Amino acid sequence: MIRNGHGATRGAEPPGPGGRRAVRVWCDGCYDMVHYGHSNQLRQARAMGDYLIVGVHTDEEISKHKGPPVFTQEERYKMVQAIKWVDEVVPAAPYVTTLETLDKYSCDFCVHGDDITLTVDGRDTYEEVKQAGRYRECRRTQGVSTTDLVGRMLLVTKAHHSCEEMSSEYREYADSFGKCPGGRNPWTGVSQFLQTSQKIIQFASGKEPQPGETVIYVAGAFDLFHIGHVDFLEKVHGLAERPYVIAGLHFDQEVNHYKGKNYPIMNLHERTLSVLACRYVSEVVIGAPYSVTAELLDHFKVDLVCHGKTEIVPDKDGSDPYQEPKRRGIFCQIDSGNDLTTDLIVQRIIKNRLEYEARNQKKEAKELAFLEARRRQEVHPERESDCDF
């Protein structure tokens, strides 16, 4: 059991409003390839109560019911722990959510998105808690799916940067990868993310630096926000007693200039939400300049500028992008102790491409069979005993 405390602080479970008993909420899942859609689900779940506990399945359980995960269970535990709306993480949570689990952790109810989660034999993993009235549903985040992100990585094109630039190859992939033979699959289908100011407000803390806080600035792509980023930001956050960490995110074109290929995998708006969901980050600069300028440092009253151990690529004019903070003596490099990069994640996906595609086809086939069985039950309720669930 890993306790977080809401936000970047850690502490005891807070009481509910008016001193009443806190409402404890349970969520569970694989949380493989964690993205802002997962974070948004947990944000919504946390808003339904006072204390959020998240159960994360083991590699063995996921392989049994869905296929091999991209990230290890230890990596997935830590990724979920870093999401600021999570108060506590339960490792090795059972794949099927039961009343026994809710009672064990004193949870009032569980929350899941409006998609389907099935066992290896095609049964609804939330059937028991639904029947007991201890199940709540939140809205799935439109425009993002693990399937789509994997598709962007595998195609090695820049189509995902703009709908207008979408190649015929990507259109064909987007039209087929997330679908089952009968048509578009509403749970795994590929869609385009549309950013809104309301979504940013929901993710942002809205807090400005307070007197006595140390303002620390970091910058980068933060593409496919992953455990390597989390380990780096945790180290940065630990540099001060009262840190206020600002993350500068570069424009897509800037990232593509210094990383090449089809990077960034996630566009600027997607990367913004991913970073805002991290408990170690207080603020995000959307479209930060590549070079850390005197104007930026003065505007945000930056006390310290940090960079990881990755290569520092010179700016377009050949200058050091950290020249100004180095001149001021406020630059330091941080060794996160984790060498995972976006490139290495892409390599994992490419290496296991066939296994991953088989996993998605298996998932889609189960969902189609489940929906068909449910449709038959609704049409012929008297034949319920003939249904396979």
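Let me start with a term. On a 1 Å grid over the protein atoms alone, a cavity is a set of points where a 1.4 Å probe fits but cannot get out. A lining residue has an atom within 4 Å of a point.

Now the model. It is predicted, so local features need pLDDT of at least 70 and side-chain atom pairs count only at pLDDT 80 or more, while totals for chains, interfaces and linings use all residues. Residues are numbered from 1 along each chain as its sequence is written, and side-chain values use heavy atoms, with hydrogens and water left out.

Cavities, then. How many cavities of 30 Å³ or more turn up in a search of the whole structure? Three. I will take the second largest. The space in the second largest cavity is about 210 Å³ (the volume filled by probe spheres set on the grid points, which are joined across faces, edges and corners). Its lining has 22 residues. Nearest the centre of the second largest cavity lie Val 34, His 35, Met 79, Phe 225 and His 226. Two helices, H1 (36–47) and H3 (73–81), each supply at least two lining residues of this cavity. The largest share of its lining comes from H3, with three residues. Helices here are DSSP runs of H or I with at least four residues, strands are runs of E with at least two, and both are numbered from the N terminus.

Stay with Phe 225. Is Phe 225 buried or exposed? Phe 225 is buried, and Phe 222 is buried too. Buried means under 20% relative accessible area, exposed over 50%, and partly exposed in between (1.4 Å probe, protein chains only). The structure holds six aromatic pairs. Rings of Phe, Tyr and Trp (its six-membered ring) pair if their centres lie within 6.5 Å; planes under 30 degrees apart are stacked, over 60 edge-to-face, and the rest tilted. Phe 222 and Phe 225 have ring centres 6.5 Å apart and planes at 40 degrees, so this pair is tilted. Tyr 322 and Phe 331 have ring centres 4.9 Å apart and planes at 45 degrees, so that pair is tilted as well. Tyr 322 is buried, at a relative accessible area of 6%.

There is a backbone point in this part of the chain. Leu 224 sits in the loop between E9 and H9. Its phi is near 50 degrees, which is positive, and Leu 224 is not a glycine. At 6% relative accessibility, Leu 224 counts as buried.

Next, the largest pocket. A pocket is an open set of points with protein on both sides within 12 Å along at least five of seven lines. The largest pocket holds about 840 Å³ of space. How many residues line it? The lining has 36, and His 229, Lys 259, His 307, Thr 310 and Glu 311 lie nearest the centre. Five elements give two or more residues to that lining: strands E9 (214–220) and E12 (304–307), and helices H9 (227–237), H10 (252–259) and H14 (342–351).

Take H10. The buried residues of H10 are Asp 252, Glu 254, Val 255 and Asn 256. Helix H11 (268–276) is part of what covers them. Right after H10 comes Gly 260, with a positive phi near 70 degrees. Lys 261 also has a positive phi, about 50 degrees, although Lys 261 is not a glycine. Lys 261 belongs to the loop between H10 and H11. At 55% relative accessibility, Lys 261 counts as exposed. Pro 264 is in the loop between H10 and H11 too. Which residue does a cis peptide bond join to Pro 264? Tyr 263, with omega at about 0 degrees.

Last stop, H14. Ile 349 is in this helix. At 3% relative accessibility, Ile 349 counts as buried. What does Ile 349 touch, leaving out residues up to four places away in sequence? Val 70, Val 150, Met 153 and Leu 154, where contact means heavy atoms within 4.5 Å. Val 70 is 279 residues from Ile 349 in sequence, yet their C-alpha atoms are 7.0 Å apart. On the partner side, helix H6 spans residues 146–155 and is mostly covered, with ten of its ten residues buried. Among those buried residues of H6 are Val 150, Met 153 and Leu 154.
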